[in-house]
Amino acid sequence: MTILRVPILAFLLVSSLPALALAQAAPAPAPQPVGARILTLDECIAIALEAQPSIQATLYDYAAARARVREAFAPLLPQLTGSVGATRSHGVIIPTTISTGGRTSAVKVDRQPADTFLAQVQLSQLLFDFGKTLAATQVARKLAEVSAEGIEVQRQVIALTVKEAYTNILLAQRLIRVQEQAVERAELNLTSAKGFLDVGTQPLSTVVRAEVDVANAKVDLINARNALRTARVALNTALALDVNTPIEIKDNLEYQPLTLDRAALRAEALRQSPEYRQAKLQTSAAQASVQVATRNFLPNVSGTGSYGGAQLELNQTWSLGLSFTWNIFDGGNLIAALDEAKANLGAANARVKVAELTLIQNLEQAEIAVEAAQERIQAAHVLIASAQENFRLAQGRFDVGVGTILELTDAQLALTQASNTEAQALADYRIALAQLDRAAGRR
């Protein structure tokens, strides 16, 4: 029966931890090549969660924490040890009896290993320790649950990182298109200005200003392309891919209105946030540590037994015993340990409040960012319509020779800025939604 108890109890201890499949603790397979297919945001997140080494590290940390639960429980199980010993010695013995003639003589004694050989198996079992071992096991179990929440924290952080990098790529692509259009318009204006200069309807300054506009538009295009390269490096790194791996992603940079229910979001965040759950589990572990420190003042009752043989013939030897141990005074170590456990409990309770305040702050900031981005998107739509109409009128006036290059340049710059503002607002909206998911405890 003793042999069967160990795996059963270990299984029960592990199964009482948060629902995390044991297979997750094993190393994940290497990420599959992404190929030439267009990846969606969900696919990118799945690739990152499978391949990121930081996830593997937290999984191993959790596996180690589960092992510490078994370590803490082990003293309650039978302890079986074997020992074999033999010694060799040489000594002199003076007999207490007087020999014939009234004299005593020393006798030399040699003990060979065969004379002192002893082999035995010892069995000990902790019978009662006033719940100290169970309390220590409870501490280890709570810390394992904290480690499990750490896995979810890491997953949510990685998901947010992927969402931000994904959105930054789409923003850079959108800005490149805007700048390419700006370059085309500037070059078209330069061609028109040169034509007007040739026929004498516009001065040389018009051509010079048009050339400056072309140069500025090209610089902005170069910056946008560099931003795209940087964003691709960030996404590839988040996916645990080589930075030069070519990937294509699906454009989701679109506006979908969202109505926020602040009360529901707060309740969801308090229920799902892994950081908040971690803080509460740390408090439970600290409470269990106080129990351990308190019960350490109480005694232990253990049973012991041994069976073996002595000498080379292994003459049977056995023993049974019952021990009662109580640490009466240890220089104040147990009292200090109890004070430490109580202080840790107070700190853990305070950190729960800190975690709650931080959670609510992050949630409120994310909600404000979402609402602000929605308002900016709506304003940008109006701004683009006005800028397009203004540019159309300025282009027409310049083409018929009644408008100036400065008027056309201002209209073109306003249109480019309006397009950039819209793209940036859409990107900020998607990132704000990702941060809102993170604050609410979602991936």
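## A tour from Phe 128 to Ala 240

Start by selecting Phe 128, which is partly exposed at a relative accessible area of 44% (buried means under 20%, exposed over 50% and partly exposed in between, with a 1.4 Å probe and protein chains only). The model is predicted, so local features need pLDDT of at least 70 and side-chain atom pairs count only at pLDDT 80 or more, while totals for chains, interfaces and linings use all residues. Residues are numbered from 1 along each chain as its sequence is written, and side-chain values use heavy atoms, with hydrogens and water left out.

**Aromatic rings**

Three aromatic pairs, 3 in number, are present in the structure (rings of Phe, Tyr and Trp, the last by its six-membered ring, pair if their centres lie within 6.5 Å; planes under 30 degrees apart are stacked, over 60 edge-to-face and the rest tilted). Add Phe 130 to the selection: its ring centre is 4.5 Å from that of Phe 128 and the planes stand at 55°, so this pair is tilted. Phe 130 is partly exposed, with a relative accessible area of 33%.

Next, select Phe 324 and Trp 326, whose ring centres are 6.4 Å apart with planes at 80°, so the pair is edge-to-face. Phe 324 is exposed, its relative accessible area being 55%.

For a ring with a charge, go to Phe 391: the charged end of Arg 185 sits over this ring, 5.4 Å from its centre (NZ of Lys or CZ of Arg must be within 6 Å of the ring centre and within 35 degrees of the ring normal).

**Helix α5 and its partners**

Show the whole chain as a cartoon: there are 10 helices and 8 strands (DSSP runs numbered from the N terminus, with helices being H or I of at least four residues and strands E of at least two). Of the 443 residues in the chain, 39% are buried.

Select helix α2 (residues 41–51) and helix α5 (residues 132–199), whose axes come within 9 Å and cross at roughly 135° (axes are lines fitted to C-alpha atoms, for helices over the stretch in contact, and angles between N-to-C directions run from 0 to 180 degrees). The two helices are therefore oblique to each other (under 35 degrees counts as roughly parallel, over 145 as roughly antiparallel, 65 to 115 as roughly perpendicular and the rest as oblique). The crossing of α2 past α5 is right-handed (the near helix is turned clockwise from the far one by less than a right angle; anticlockwise is left-handed). On the α2 side the contact includes Leu 41, Cys 44 and Ile 45, and on the α5 side Arg 155, Ile 158 and Ala 159 are among the residues involved (contact means heavy atoms within 4.5 Å).

Now centre on Val 162, in helix α5. Val 162 has 0% relative accessibility and counts as buried. Not counting residues up to four places away in sequence, Val 162 touches Leu 41, Cys 44, Ile 45, Ala 48, Leu 235, Ala 238 and Leu 239. The C-alpha atoms of Val 162 and Ala 48 are 7.6 Å apart, with their positions 114 residues apart along the chain.

Add helix α6 (residues 204–238): the axes of α5 and α6 come within 8 Å and cross at roughly 165°. That makes α5 roughly antiparallel to α6. The α5 and α6 crossing is left-handed.

**Two loop residues**

Most residues other than glycine have a negative phi. Return to Phe 130, in the loop between β5 (118–128) and α5, where phi is positive, near 60°. Finish at Ala 240, in the loop between α6 and β6 (248–249). Ala 240 also has a positive phi, about 60°, and is partly exposed at a relative accessible area of 30%.
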